[in-house]
Amino acid sequence: MTILVTGGAGFIGSNFIFYEREKHPEDRIVCLDKLTYAGNLSTLGSVLDAPNFRFVKDDICDREAVYRLFEEEHPDIVVHFAAESHVDRSIENPGVFLETNILGTAVLMDACRKYGITRYHQVSTDEVYGDLPLDRPDLFFTEETPIHTSSPYSSSKAAADLLVQAYHRTYGLPVSISRCSNNYGPYQFPEKLIPLMIANCLADKPLPVYGQGINVRDWLYVEDHCKAIDLIMRKGRVGEVYNIGGHNEMRNIDIVKLIIKELGKSEDLITFVTDRKGHDMRYAIDPAKIHAELGWLPETLFAEGIRKTIRWYLDNKEWWETIISGEYQNYYQQMYGHR
Ligand code: NAD
Ligand code: TYD
């Protein structure tokens, strides 16, 4: 079987590729990634020359390139991770979010219709449900919660989800959608909360906490997310949405304090900064459906996962230091410039 993974040079996509190669070494994996600022090809360094693996640098919005790839590879399953993923950037510059997240999704699904696939899986987010109030801890996002977005990022992801459902109903495309809560773990780009705080803490730089730091996110270790996607794309029902989350709600300020403590630094590094515009207060997933239908449960507790993650950033300083220096963007040229 051939699995096309888009966005595999990013955080979750790369973890997913490693998971699949371990779990299903018999499957061929083709990774399609544009290598935007968020894509780091060195992350995939250990698999680039492996049998059953191919990396292709192209834009999902480039119809000709995408059709050419389908013509060559005829993937059985498409798992679509590629996206602009950072809320703060979407507030500064929404345009590229609309192009990649909405139009790119349509191009991919058109290719799926033209060449035929057994499953198209859309990797979506709990952010399409908007937010929950802090004073109602009894409320959770279910698959029936109405779409109600806050940021250009979440709106673009919601638009893509609606298109995916439309392609299922109109053209009978065999789709599934997963909506996961915030991920953390190895290879996360150091612009997101946890890796940014680790990197700044280690450099004794200020730790910018938005607003009062009381916003709540529901954190899931990335490997648990990968496991859920693998189950859904192989065994989940066509046309269905599955929420993924592990009932692990934390306030931002508590995460920052925990990182400070683990790294033996001072809380004086915390700097409260102007709040994010339209900042969602609380995300919280009800994962009852994926548990009941597919038996999925998270395996990594937050206390263990955050320690593993901090350890990984300590042991892999070069990975994130070359990102901060910008040097990582030369990796493609080094690997493929002469081929
Ligand atoms: P990321 O920003 O780390 O990686 C995105 C990858 O997509 C990068 O490798 C980038 O080069 C690639 N890409 C971007 N635009 C492209 C284009 N036009 N063509 C081809 N490739 C392109 O993102 P992530 O955190 O790994 O998220 C992956 C997916 O999971 C996204 O769809 C995101 O919405 C979703 N998601 C993320 C989280 C989270 O906590 N990070 C939670 C739920 C859902
Ligand atoms: P982020 O990692 O950007 O994920 P998302 O916005 O998709 O949930 O941010 C997680 C939370 O941390 C969010 O409430 C915003 C907050 N945050 C900060 O307080 N400071 C920061 O520097 C960043 C990047 C995020």
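**Cavities, a pocket and salt bridges in a predicted model**

The second largest cavity encloses about 30 Å³ of space. The model is predicted, so local features need pLDDT of at least 70 and side-chain atom pairs count only at pLDDT 80 or more, while totals for chains, interfaces and linings use all residues. Residues are numbered from 1 along each chain as its sequence is written, and side-chain values use heavy atoms, with hydrogens and water left out.

Some terms for the empty space come first. On a 1 Å grid over the protein atoms alone, a cavity is a set of points where a 1.4 Å probe fits but cannot get out, whereas a pocket is an open set with protein on both sides within 12 Å along at least five of seven lines; a lining residue has an atom within 4 Å of a point. Grid points are joined across faces, edges and corners, and a volume is the space filled by probe spheres set on the points.

The lining of the second largest cavity consists of H80, A82, A83, N101, T105, Q122 and K157. By class, two of these residues are nonpolar, four polar and one charged (Ala, Val, Leu, Ile, Met, Phe, Trp, Tyr, Cys and Pro count as nonpolar, Asp, Glu, Lys and Arg as charged, and the others, Gly among them, as polar). In total, the structure has two cavities of 30 Å³ or more. The largest cavity holds about 60 Å³, and of its 13 lining residues, V87, S151, R276, G278 and D280 are the closest to the centre. Three nonpolar, five polar and five charged residues make up this lining.

Among the pockets, the second largest has a volume of about 170 Å³. Its lining comprises N15, F18, Y19, E22, P186, Y187, Y221, V222, E223, C226 and W312, of which eight are nonpolar, one polar and two charged. Helices α1 (11–23) and α7 (222–235) each contribute at least two lining residues, with the largest share, four residues, coming from α1. Helices (H or I, at least four residues) and strands (E, at least two) are DSSP runs, numbered from the N terminus.

Turning to charged pairs, the structure contains 23 salt bridges, each being a side-chain nitrogen of Lys or Arg within 4 Å of a carboxyl oxygen of Asp or Glu. In one of them, R63 pairs with D110, with 2.9 Å between the closest N and O atoms. R63 belongs to helix α2 (residues 63–73) and D110 to helix α4 (residues 95–115), so this salt bridge ties together parts that are 47 residues apart in sequence. R63 is partly exposed, at 36% relative accessible area, whereas D110 is buried, at 12% (buried means under 20% relative accessible area, exposed over 50%, partly exposed in between, with a 1.4 Å probe and protein chains only).

R276, already met in the lining of the largest cavity, also forms a salt bridge with D88 (2.7 Å, N to O). This pair links distant parts of the chain, 188 residues apart: D88 sits in helix α3 (residues 87–92) and R276 in the loop between β13 (270–273) and α9 (288–294). Both D88 and R276 are buried.

A further salt bridge joins R311 and D315, whose closest N and O atoms are 3.1 Å apart. Both residues lie in helix α10 (residues 302–315), four residues apart, or about one turn of the helix. R311 is partly exposed at 47% relative accessibility, and D315 is exposed at 52%. Elsewhere, E20, D27, D230 and R234 are joined into one network by salt bridges that share partners.

Key:
Chains are lettered from A and ligands numbered from 1 in the order in which they are written.
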